[in-house]
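User: I'd like a close look at one loop in this structure and then, from there, a walk through its surroundings. Could you take your time and connect the pieces for me?

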Amino acid sequence: MARDWRWDPCVSHDGIEAERFVAEYFPEAHRKTLLIAGAGFDPRATQVVDRLATGGADLKALFVRESRPNPDGELTRRAEANIERLKSAIPNHEIVPIEIFGADGAVVGGRNVAAAASRQDMASVTDVVVDISALSVGTAFPLIRYFVELIDRGRGPKNLHLFVAHDPSLDSQISSIAGDAPGYVHGFKGGLTLDAAANAAKLWLPQLAKGRRQALSRVHDFVVPHDTCPILPFPARDPRLGDMLAEEYMVEFESAWKVDARDVVYADEQDPLHLYRTILRLDDLRKPVFRDAGGSILILSPLGTKVMSLGALMAALERDLPVAYLESIGYDFKASAERSLPAPHLIHVWLEGDVYPQPRPRLKKGLNQ
Amino acid sequence: MVNPFEKRATEYLQQDEAFLAVVTPEPLSTFFEKPAQEGRLYDRLAMVIGTPGSGKTTLARLFKYSTLRILLRNRGFETYKNLIDGLSACRAIADGQPAVIGCRISLESEYREFWEFPYPDTLKASLTVALLQARAVLAWLRDAQAAGIALEDIDIVARPDAEAALEAIGGANGVGLQRRAREMETAIYEISAALVPPDIDEVEQNAAATAYRPLDVIDAFSVKDGNDLLQLTPLVVFDDAHYLHPSQLLALQRWLARRELRVARWILTRLDALAPADVLIEGQNVFEEDEPGLKLAREVTTIWMQSSEGRANQRRAFRKMAKDMAGRYLSQMEVFNRRGLNTLGDLLSTHVDTLAPSKVEKLAKKVAATQRRYSITAERRTILEREVGDYLEKGAENSEDMKLSLLSILLERYANRTPQRGLFEDEPEVDMEPSKPLTAGAAVADGARIHLLHQFDRPYYYGIDALCDASSENAEQFLHLAARLVAQSETQLIRSKSPTLSSQVQHNLLRERADEMIRGWDFPLHHLVRRLSQGIADQCVVKSLEGNAPLNGGANAFGIPQEDFDQIPKLYPDLAKVLQFGVAYNAFVLIPNHSTKNRNWCLVELSGVLLIRNGLTLKRGGFLERRVEDLVRLTEEAP
């Protein structure tokens, strides 16, 4: 059946194909690329930048340095080391410090990063690359939305590429210290707070991740959904990961969220498009059912791996779905002693650009889609 | 099988009938009845301040028109009777009809974003207030519709001099009011949802946002409900105000505190909404002292859901409420309901098994050694044994281990209260009278139990009252602690065993649960709160285990001279933050102006879960005299 989905089909690459794409595409003579990446402690921060820089592309970089209160000394040292590498990799760069929290502890990172992006001169840029490997959800999502909307209005560069260096083992070494103010990612409210949505049937789709029980419980209390369908990674590099997560969240499944075994959504840990399609399919199935009863709305909470959050982002962009989350006030990174871990797996999604035929399925807005 | 204790059920019950079945009316009489009777609940701004899980949101839901309507339609149900009485006492129900129409607006996330706009504060405040008013109108109308009233049957009673303003809010009828409110909501939402805020000129052009003032116009709602024509007091409850920017909250408070408003308005907030100084020094909240034209006592009714005043009464009231709540939750569980087991207290045995003979023997030897060490005569020991025996005979715990433990404390006290002898004196044992008579009583017995807990793991945390006291007057904490006990009892029932839990089982389960809860802390600065609380607990344990039990049950708090404590926000802002989050997340309870030894202290008392985990007394009052520097040092010490 032909579907009216914006990113189906979608141009994407992973692994060696993504590396080849980087090596061949960006050095093309007429391309002028703006690269936006996180300049934090995450060891993946330099992966995409290194690959782009070595190919001889015409690059300008915007390195986003997320600032959180009272950072750990070791993490700051790692971030400094990464910044030095980033600076030497791309001499034409700008480092933008982004305060994630206001003086009173409110989450303001999304607004700050959107404002920083809006100040960029895009006149001669042909391609924007956003590397979300070392960016948090609260920063990456508004940033990407900003460029998608800009391109949609015909005022931006032609191409928008997303990259992520996928490394689940690294994800498990980084634990996040959750803040206490759940909210919607800036730009991803989806009209949920409007009176028109008051009677909509809310389905919450949280991505489960290790050690995020309390964070997700708080988001649940904030969202107050009618139903919950947790997303588990399967297939995953660790085939037992889904089982372990289900075990960890057993109390939530049984008590607060009332999750039936049939409510669990499985998504390929390594393929963002799999989750994207699953979410849209769910949305398509529910819409006609609830049309006359106040409507249906899916609420996403991408607290899991970065690749899966990419899938959630694409679905949220296309359907204007709200994204509820809890910003991290800090991170704890316990680097594994064994550095013989496999190198991160590069994933590329060509989100907007001349590769797609026109006209494209439109980005929907609000509940009345 | 779902255990409703695992999660606070009221938050998840979307049907009013199910919600009302588990709500207990106690907080209404404890917190709201008095201000309602005094006429201070609906005619001015009311600030309701409490820790997370203290039941603020549940209370707000009770005042909705649809909830009141369902309650009154089912007034024949026995379970609803107390709730109706409570709401009548709070004047939410009058003459058997709803008297208020409440709506709750959560201030989470969205409204705070206005303060990030690059506009002047006045414009930001007026946008916030306009959106809140639109949402309030929509929520009132939605609630009335949920109760089965058509929009056409809803009118407002407008202020007599507000004809032009009435037009600006869409007229007096529900249909026009809703249309206009929706327009305003969408217009302001689009500004707040924009990735990059629109230019100020664009916003200012939309002057309607600042002219939209329904709360200035509405005096009351006139609702045709069936054959009844009711006049209802509109009540708007702004919940979770701690999410607002402090200046934004102040602007909102200032606006709501105006006397001209006829609409009842409450702000519900967690403790940490206020500046650290406000949390740490109770009472110095809400407005700066020099706020022009505002007098705290006159303009605002403040309701503290955990207060330092009347703590004994609060504990009694909480016990009552918790027991009632537990009964209602228990009746939701088929396994218990089927068997008519609706009282949690009945499932928690208060009988303590005596220690094994070998342990009693060990304890006896220790007591004998104490007697020898202090050269206490056999006659004196007999006198003390008689004192202990007389006391224990009156109570339920007349066991050998308690006798010995109490005797041990009295022997130590005797030694302290008689003159010291020289190190090398070889005098015959002389029985001297102590400087102060030695008596055995409930307080010393508590010390004896704590000693037995640490020496032999004898159960200390058992019975429904201990469970209530361990909850630090917090409903959510009570449920979290009770959940494990209920689950165990359920398991025993399913296995065809008696559902009653022995004191040892209760004790073990509660200690495990408390440990789990503390390990699960992940609120901001939790690692520093953990460090500070553990430091306090360690020192309290040392004091509690001193042989003569100088503080009877022992210590469970640090006392800081009040004048020093008042300086914390200014001189030690980092410590103030730690205390603030500790208080907000039920790690500490602050008791300011506690008078002891002719001095005022602020007690930093450990919460129930910390007391359970560390084996400290649930009795209040015992504290260690410390300085602010001691608190700072503890937060800095490596774990």
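Analyst: Happy to! Let's start in chain B, where B:Asn552 sits in the loop that links helix H25 (526-544) to strand S10 (557-561). Please keep in mind throughout that this is a predicted model. The backbone is what makes B:Asn552 worth a stop: its phi is positive, near 55°, although the residue is not a glycine. Is the residue buried or exposed, or something in between? With a relative accessible area of 24%, B:Asn552 counts as partly exposed, because the buried class ends at 20% and the exposed class begins over 50%.

Chain B offers a second case to set beside it. B:Ser375 also has a positive phi without being glycine, with a value near 50°. Its setting is a loop too, this one between helix H18 (357-373) and helix H19 (378-394) of chain B. A relative accessibility of 25% places B:Ser375 in the partly exposed class.

Now let's step back to the chain that holds both loops. Chain B is built with 30 helices and 13 strands, and its C-alpha trace extends about 100 × 60 × 45 Å along the principal axes. Of its 639 residues, 58% are buried. As for how the chain folds back on itself, take the contacts between residues at least 6 apart in sequence: 77% of them join residues at least 24 apart. Chain B has an accessible surface of about 26200 Å², with carbon and sulfur atoms accounting for 49%. On the charge side, there are 77 positive and 89 negative side chains, and the centres of these two sets are 4 Å apart.

Chain B also meets chain A. The contact involves 44 residues of chain A and 43 residues of chain B, and together the two chains bury about 3400 Å², 51% of it on carbon and sulfur atoms. Five salt bridges are counted between them. One salt bridge pairs the side chains of A:Asp195 and B:Arg182, at 2.9 Å from N to O.

Crossing into chain A, helix H7 (residues 213-223) is a good place to pause. Eight of its 11 residues are buried, so the helix is largely enclosed by the rest of the structure. Among those buried residues are A:Leu216, A:Arg218, A:His220 and A:Phe222. Right after H7(A) comes A:Val224, which has a positive phi, near 45°.

Further along chain A, A:Ser309 belongs to helix H11 (residues 306-319). A:Ser309 counts as buried because its relative accessibility is 5%. Which residues surround it, apart from neighbours within four places in sequence? A:Ser309 is in contact with A:Ile132, A:Val137, A:Phe141, A:Gln207 and A:Pro302.

Finally, two peptide bonds in chain A deserve a look. The bond from A:Asp8 to A:Pro9 is cis, with omega near 5°, and A:Pro9 lies in the segment before strand S1 (11-14). A cis bond also joins A:Gln358 and A:Pro359, where omega is about -5°; A:Pro359 is placed in the segment after strand S16 (345-352).

Notes. Residues are numbered from 1 along each chain as its sequence is written. Chains are lettered from A and ligands numbered from 1 in the order in which they are written. This is a predicted model: local features need pLDDT of at least 70, side-chain atom pairs count only at pLDDT 80 or more; totals for chains, interfaces and linings use all residues. Side-chain values use heavy atoms; hydrogens and water are left out. Helices (H or I, at least four residues) and strands (E, at least two) are DSSP runs, numbered from the N terminus. Buried means under 20% relative accessible area, exposed over 50%, partly exposed in between (1.4 Å probe, protein chains only). Contact means heavy atoms within 4.5 Å. Accessible areas come from the Shrake-Rupley method with a 1.4 Å probe; for residues, only the protein chains shown count as cover. Lys and Arg count as positive and Asp and Glu as negative; His and the chain ends are not counted. The place of a charge is taken as NZ of Lys, CZ of Arg, CG of Asp or CD of Glu. Buried area is the accessible area (1.4 Å probe) that two parts lose on being put together, summed over both. A salt bridge is a side-chain nitrogen of Lys or Arg within 4 Å of a carboxyl oxygen of Asp or Glu.
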